[in-house]
Every structure is written in C-alpha cells, then in structure tokens.
Amino acid sequence: MGDMNTIGVSVKRKEDYRFLTGAGNYTDDVTLPHQSYACFVRSPHAHAKIKGIKKDKALRAPGVLAIYTGEDWAAAKVGGLPCGWLITDVHGQPMKEPLHPCLAQGKANHVGDQIAVVIAETYNQARDAAELVEVDYAVLPAVVDVASALKQGAPQIHEAAPGNTCYVWALGDKGATDKAFASAAHVTKLEFINNRLVPNAIEPRAVNASYARHDESYTLYVANQNPHVERLLMTAFVLGLPEQKVRVIAPDVGGGFGSKIYLYAEDVVLTWASKRVNRPIKWTAERSESFVSDAHGRDHATTAELALDKDGKFLALRVHTKAAMGAYLSTFGSCVPTILYATLLAGQYTTPAIYAEVTAVFTNTVPVDAYRGAGRPEATYVVERLVETAAREMKIDPAEIRRRNFIKTFPYQTPVALQYDIGDYEATLAEAMKLADVAGFPARRAEAAKRGKKRGLGYSCYIEACGIAPSAVAGALGARAGLFEAGEIRVHPTGKVTVFTGSHSHGQGHETTFAQVVASRLGIPVDDVDVVHGDTGRVLFGMGTYGSRSLAVGGTAIVKALDKVVNKGKKIAAHLLEASDTDIEFKDGQFKVAGTDKAVPFGSVALTAYVPHNYPHDKLEPGLNEQAFYDPSNFTFPAGSHICEVEIDPDTGITRIVNFTAVDDFGNIVNPMIVEGQVHGGLTQGIGQALTEACVYDKESGQLLTGSYLDYCMPRADDVPSYKVGTKVTACTHNPLGVKGCGEAGAIGAPPALINAITDALGIREIEMPATPERVWRAANKKA
Amino acid sequence: MKISMSVNGKPVSAEVETRTLLVTYIRDNLRLTGTHVGCDTGQCGACTIHMNGQAVKSCNILALQAEGADILTIEGLAKADGTLHPMQEAFREHHGLQCGFCTPGMVMSAVDLVNKHPNPSEETIRAELDGNLCRCTGYHNIVKAVKAASAKM
C-alpha cells in the first residue's frame, strides 16, 4: 500500500477532463427556468451629482420587468457594502468609512459607478432599455491620483473623509529609525510609483440570483473565491437576511487573483431584486464593465530610504507611502497597504530599525483591493529596488550585499511585527545563481554588446507572509472576520471518501492536491477521493482562498479532520481485533495491532462504521464523518530568489527577457507540477506589471483610458519566456504538512528582478513601471 | 431570421435575431457552454471555434455569417467514446490549464496552429498563440503541450 503515498508526485489533475471537453460549469453557463437578465446603468463621469433619473421610457421598452435606482435602494433601508478590516490611525482614531452604496445615492464617484439596474426577459432587451434610462448629471471636478487628491483645494469625494484621507497609519520605531539614518555611512533614496493594475481574470464576474417564495430562500451562483464570506457579509451587513436562507454557490470560477474575493454591489443588487421580480436574474460583466467595476490592484506612490554602514550592512529603512483606496473602501482595501505591506518591509534582511507611514487616499477611481500578492509585491519592490541600487552605489556585488544582510537564525522577530519561523535564504540564492548561470553572465553581456544589444541582470530576494493568522491577532489588528479554515472528511460505507473544504479552487487544482493529501494519509487511491468546494449548501463553512492560504490553512483543517477519522477508526479496529485502542497503529491503509500481524484494512473499518452489527455501541456512535476547524498559530513565510536577465535593443527600446530563474522555498510540496504552474503564472503577472500593464486614468476628466484589451496590455505568449524554476525546502514549523503557499510568489518576486535587470542593462538608476519600449528607448537614448 | 449549419457533425437550425453573435447562438441556443466569452472584442480568444476547418473567434462574427458552415466546438473535439484529442491530452499531461476558462479557445487555436505548422518551434507557437490570453499559466506549459501534441497529431 506504500504506493498510495503520492505526496511529492505530479499527479495529473482530476479537474482537467471537464475543462478540456467544455464540461466546466461557470456561473454564466448556469441558466435557470424563467431566467431573466440584468444590465447596469453606469456613470460615464468620474465625479458627478445625479440631479434626476427618468426611467419611464426604459420601463416601456420590450421585455423590461423592472428598473431600480438609488432611490429604491434607500427606500428599502438596506445597507452599504462593508469593509472587512478596520484600520486605526496614528491618532488612535478609526479610519473614515464613507457609505459604499450598491446603487449610487445622489452622486457618482467613479466612471462605472452603478446608477441603476434594468431587468428584462433577455440580455439584449435589458441592454437596449438601459440606454433609454435618462440620467441628469452635474459633472464635478475629479481627482484620480493620490498626490493630487491630497493637495489643498482638491475636489472632495466624501464629506465623511475630509482631505480625501481615509487614514494615516504607521508601523515601526520612528525614533530608532531616524537615529540610525543620522549616523549612516550611506543612504540610498528612491521614489516609486507602484502602477495600478487591473486583475483581469479571463472569466468576467457573473451572478445568477434567484428567490424561492415557498420557503423564502435565495440561491446565488457567483464567480467568487469565498462563498461563505460572501454570504456572511451580504446577509449580516447589507441585506439583513437570515443567513441559513441564502445559499451561495461559486461553481467553476475562471481565475480570481484577488478580484473575486469581494462582496460586490452587483451580487447584492441581484439578490435583493430577485425577490422583488420573483425571477432568477443573471448578470455577466462585459469586459469593458470589468475594467470599471472589478477592484483594481496596487497604485502606491512611495518615497523610501535605506541607511547603510560603510560595509553595506543595512541600518534602517524609512518608507512613506500614499496608497489609493479608489472611490470607496472595497472589502479588504484598507488592510492591503498596511497589514499586508508595511509588515513585510524587513524582507529577508536583519535591518534593525524600520519605520513606515501610510496615507490611504480616496480618488475618483475604481476601488483598489488585494490583487495577487496584495501589499507584498509593493513591499518587495521597495526593498529590492533599494537594495540593488544601494549595492551599485556602494560598488558591492548585489548578491554579496544581500548575503551580508540575510537573516540566518530562526525564529526571527522583525522590527515590523512578524516572526519568521524558518528559511534558508543563502541556499536559495545560491541555487538561483547556479540555475541562472550568473557566472557566465559577463561573457553573455560582452557577446550581446558586440551585436549592439544591452544585457542586464537583476535580482530579487522576496519574502511573503501567507495564511494570514491567527484570528485573535488579526482581530486585534482590525480584522472583522476570522481567518481559520474548515474541512470535513466523509468516509462512505464502501471506504470511498468525499472531502468538503472551505477553500475554493479557481485554477489552483485543489481537487487534485487535497485528494493527494487525503489518499496518502488513508492509504487509498487518489481516485477514491473527491473534493467538494464552493457551495455553502454542501460545505460546512469556509473562509475561502486568497493570500496563498489554501493548503497551509485549508489543508491543515483537512488533516485535523483526518486525524479524527483515524482515531475513531482505531477504536473500531480495536473492537474488531479484540485489542486495546492504544495498541492499534494505522499505516499504509491498515489498522494493525502493534507488534502482531493482526490487521483490518481501512475499507473494512469504514463498512463496519455504517453496518454496525459487531460494534462498540456503548463507546462509539456509528458512521465515519469528521469535521475540523483550524486557526493557524502564525503566518507561513515562503521566500525565494528570482534572477532576471534581459537584452535590450537600444534602437527600438524593446526588452527581451532572455532568462528568468526562480528558486522558491514553499516548504514541503504535494504536487510539484501544480506548484510550478502557480510559479509560472505568478511570474507572468509580475512581468506584466513591470513590462506591459498600466491602468491609466485621464487626469482631467477621470476617464479610464485603458478600458479594454486594446489599451491595457496583458502579457501574451510572445511577451514572456519559458522559465527556469527550482525549489529549496525548509518545512514550515507550525503546520502538520510543513507547507507554506506558492500562489503569489511569482507576482511578488518578478517586478523588482526585471526592473533591476533593465536598470543594470542601461546603466540607469530608475525607470518607471511598466518599462514600455517607449520608456526604455527614451532612457537608453538620453544616456547615449 | 432562420439559420442552418452543422455543429459538431449535427445539423442545427433556428430562428435568431439578426444581431445574434455566433458565440451567443452556440452558448444560448445550442447550450454548448464550453465556448466562452472573455472580452467581447476579439482580443482574448476564449470563444475560438473552428468554422470550415479554420480557427475563428466566434464573438466576432454573426450567427448569420455561419449559414451553411461546418462548426466544430470544444465539445466536438474528443472522440465519441470520450477519448481526448491529442491536443487535449497534451494539455492535461503538461498542465497547460489551470482555471480552465481560456482552455477551450486555447485548445481550438492550438489545433489550428498545428494544422498549419505541423512541427512548430517554440517561437512559432508563441507567435501563433498571440490571439489567445491566459492569465493563469504564464503560457509556459501551454507551449510545452502544443509542442508535445504536434508530435502526435
């Protein structure tokens, strides 16, 4: 039975057959009897008073069932969208939380803000009628970037947030940091824009909401990463519905990257309206709507300084960041540039003093929230750009300066609240340098120079914190939700198993990885294990999938439930084998009396649990079905070294990535194939941020200039290379699987490695992301 | 207007509004929901199908333009007994898909690519897949899968 252990094996994915044959079931694929369709009327202005809405003409259009506006919403006395994390500012005051209405209340605050919803028999009818809704706007001046929004006299977006400021927050010891700077031998200072990004899962957001009058229940299909959280927020904080009456199903979900974590207005409006029209209502975003309604990512403006002694030892880091919140606070928008950002500023280094101050700013733009990496890419960009620049300024090899400052003993308490449990940063960097053939780089650079091309090499040694935890600490820091995970193991009478997990897979392959964990522990084939997720009607509870938490937190909940199954199984086996519970051991699918050859297989114990004729009824209930909740004791700390080599054509400004190497420490690995796939995808999103992607608003009008794939440059197959990936393993010390999380690593590590490579190639200090051919050409030719 | 065509080897006909897109007809009328809509503007390729043996983006043509055509969607690619097409099998073998949303269009484009370039180089594969966006895989394993499938097609 030893071959049932598939931990570390690249088992082919169980979910692939359906996706490859068109049998996947995404939200827009669900069409219900008596289906109706919704189209939203959205603000074409970035900032405008709504003087009036005329809907008579639209109401008379063919097929229209209902039209609702902000007035209907206010009359129904339902709430605004909640923010899930309360940040307390430097003066001990709560952050400003202006109303985040589901349908605009007298004022539109960004292009795309929901003004009204039209519900009709067909989507085309809803869309046609939406064009007949007449909205009388008085356009107001708009402000779209953080620096302008903080200026005296800037347009004010919310009365409840004077100066467009949501909060000013700080972390770290300012006194100690300032003192270290005063005595530093060298200070490196850089200013950064961390460019605003649009997550762009290829499946657009979609909702299909229905109401059953006979039992007053709701069913919501939604493209979402955490259906239980969606239900909790919607029922308890917005609509005031009984939680048990709402079933949220997130079926196959076509990518999330953070953007499908949140409770969105469309989800709530459709649920609310489904009772009013007593019909199922479906809405699927057109891509142009996704651009103006999915939460965006990043959008920081930062000034950062690193203080060093004469030997290149880091003494202190000082960071001032202005972070955009957009027009409203999205579900977790407030914690991204604070709890998930400033806490990571130690990176992999022993920097003894760190101080970070963050000003969160409202702008007339789509709300900003967690996007793959969420705060950690921004922190890594600050640290790794500073480190590389300092090395060049002090004429120290960039790998050497990192080695001089690496944390080498664990556990390590950083000056910014986190305690790293384990890692081996030197070994990870050494492995990456070997894979990238750094030793051969000077020769490659010289060869490229002969061809008139400029080669550069850049490093990035990132740290991330995954599986945000524990709940009590998060709560003390402002979290308004728990951060545990739940799992259930249902052993069927035949010994087959269904696993129910509160994690949600939208590409990560949980149906395979989680089945491997369960099958390996129970000593049964992977095919005997099915995984169910994404349905509040079937899964006990769940916090969902974000922040690379699924295996570390969700997987551990499953392991805890498995332990209960095995413990109960031991008692049943002891009864069958006429032995004491304590003498039974479970190995390779067999319950054995220790030191004897007496054994019963797992399948027999399962059958006995459900056909309990010969059964210890005095001590045990029948059945073999166990649940567990797991609240981690700490974050996990994946870390890695990424090395990027570029070749630039100074005549065209085109940057070609000739070599990208990533060596990551994700702890133990269950399915290497899936882990590598996560790295590839993350790297490509990171490269997208650094090389191609920029979300641009017009400064005057507040219009989104990059509102389609024609203008927003997504990385395509011919923009990126094949990658060299490797792993180093230090097992996480505080979860039984020893796993850390791998989903975001690439997006965190790649941008600074790439920009460090470009600045190296061109011999320049700074270049703004994305380093488009135009920017690179200008930089290359200014110097020449 | 009335339209007739062959979809996955079966004759179909229906009365549709003139503005009906081919993808809408396939998804809503025929309930073949394997063909996806990712961008509405012909940029992402999730809606790619074969029309008379050529890969086309079905969000960019009207159902009326497919009058009399032979249409192949992702549902018609595997054999009737469920055996996967070599391209589908290669995507599975090489982990060329994650969330699966771009996958049907990607596979249909990839089959067309190999039909046109029987033994494609990595450069050719990357250039030819330029019309299909994937946000999950970073293309690395898709390129591997297409290369592997080209040896078996």
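How many aromatic pairs does the structure hold over all chains? The count is 22, and the points below, which concern a predicted model, take up some of these pairs together with the nonpolar cores and a surface patch.

1. Among the aromatic pairs, A:Tyr349 and A:Phe406 are stacked, with 5.9 Å from centre to centre and 0° between the planes. The pair links distant parts of the chain, 57 residues apart, since A:Tyr349 sits in the loop between β14 (314-326) and β15 (353-362) of chain A, while A:Phe406 sits in the loop between α11 (398-405) and β16 (412-413) of chain A.

2. Both partners of this stacked pair fall under the 20% cut-off for burial: A:Tyr349 is buried at a relative accessible area of 1%, and A:Phe406 is buried at 3%.

3. A pair of another geometry is made by A:Phe660 and A:Tyr723, whose ring centres are 6.2 Å apart and whose planes stand at 85°, so that it counts as edge-to-face. Because A:Phe660 belongs to strand β27 (residues 654-665) of chain A and A:Tyr723 to the loop between α18 (672-692) and β28 (724-727) of chain A, this pair ties together parts that are 63 residues apart in sequence. Both A:Phe660 and A:Tyr723 are buried.

4. The stacked residues A:Tyr349 and A:Phe406 also belong to one aromatic cluster, in which they are joined by A:Phe314, A:Phe410 and A:Tyr425.

5. The largest nonpolar core comprises 217 residues, and those with the most contacts inside it are A:Leu345 and A:Ile758 from chain A, together with B:Phe91 and B:Val146 from chain B. Helix α19 (residues 745-762) of chain A gives the most to this core, contributing ten residues.

6. For A:Leu345, once its neighbours within four places in sequence are left aside, the residues in contact are A:Leu317, A:Val319, A:Ile354, A:Ala356, A:Ala379, A:Val382, A:Val383 and A:Val416. Apart from the core discussed above lies another, of 45 residues, which includes A:Val491, A:Val600, A:Ala609 and A:Leu737.

7. Turning to the surface, A:Leu607, A:Tyr610 and A:Val611 make a nonpolar patch of about 240 Å². Of these, A:Val611 is placed in the loop between α17 (602-610) and β25 (625-630) of chain A. Its relative accessible area is 38%, so A:Val611 counts as partly exposed, and this value also meets the requirement of over 30% for residues that make up a patch.

Terms used:
Residues are numbered from 1 along each chain as its sequence is written. Chains are lettered from A and ligands numbered from 1 in the order in which they are written. This is a predicted model: local features need pLDDT of at least 70, side-chain atom pairs count only at pLDDT 80 or more; totals for chains, interfaces and linings use all residues. Side-chain values use heavy atoms; hydrogens and water are left out. A nonpolar core is a set of buried Ala, Val, Leu, Ile, Met, Phe, Trp, Tyr and Cys residues joined through side-chain atoms within 4.5 Å. Buried means under 20% relative accessible area, exposed over 50%, partly exposed in between (1.4 Å probe, protein chains only). Helices (H or I, at least four residues) and strands (E, at least two) are DSSP runs, numbered from the N terminus. Contact means heavy atoms within 4.5 Å. Patches are made of residues with over 30% relative accessible area and no salt bridge: like charges are joined within 9 Å, nonpolar side chains (Val, Leu, Ile, Met, Phe, Trp, Tyr) within 5 Å. Accessible areas come from the Shrake-Rupley method with a 1.4 Å probe; for residues, only the protein chains shown count as cover. A salt bridge is a side-chain nitrogen of Lys or Arg within 4 Å of a carboxyl oxygen of Asp or Glu. Rings of Phe, Tyr and Trp (its six-membered ring) pair if their centres lie within 6.5 Å; planes under 30 degrees apart count as stacked, over 60 as edge-to-face and the rest as tilted.
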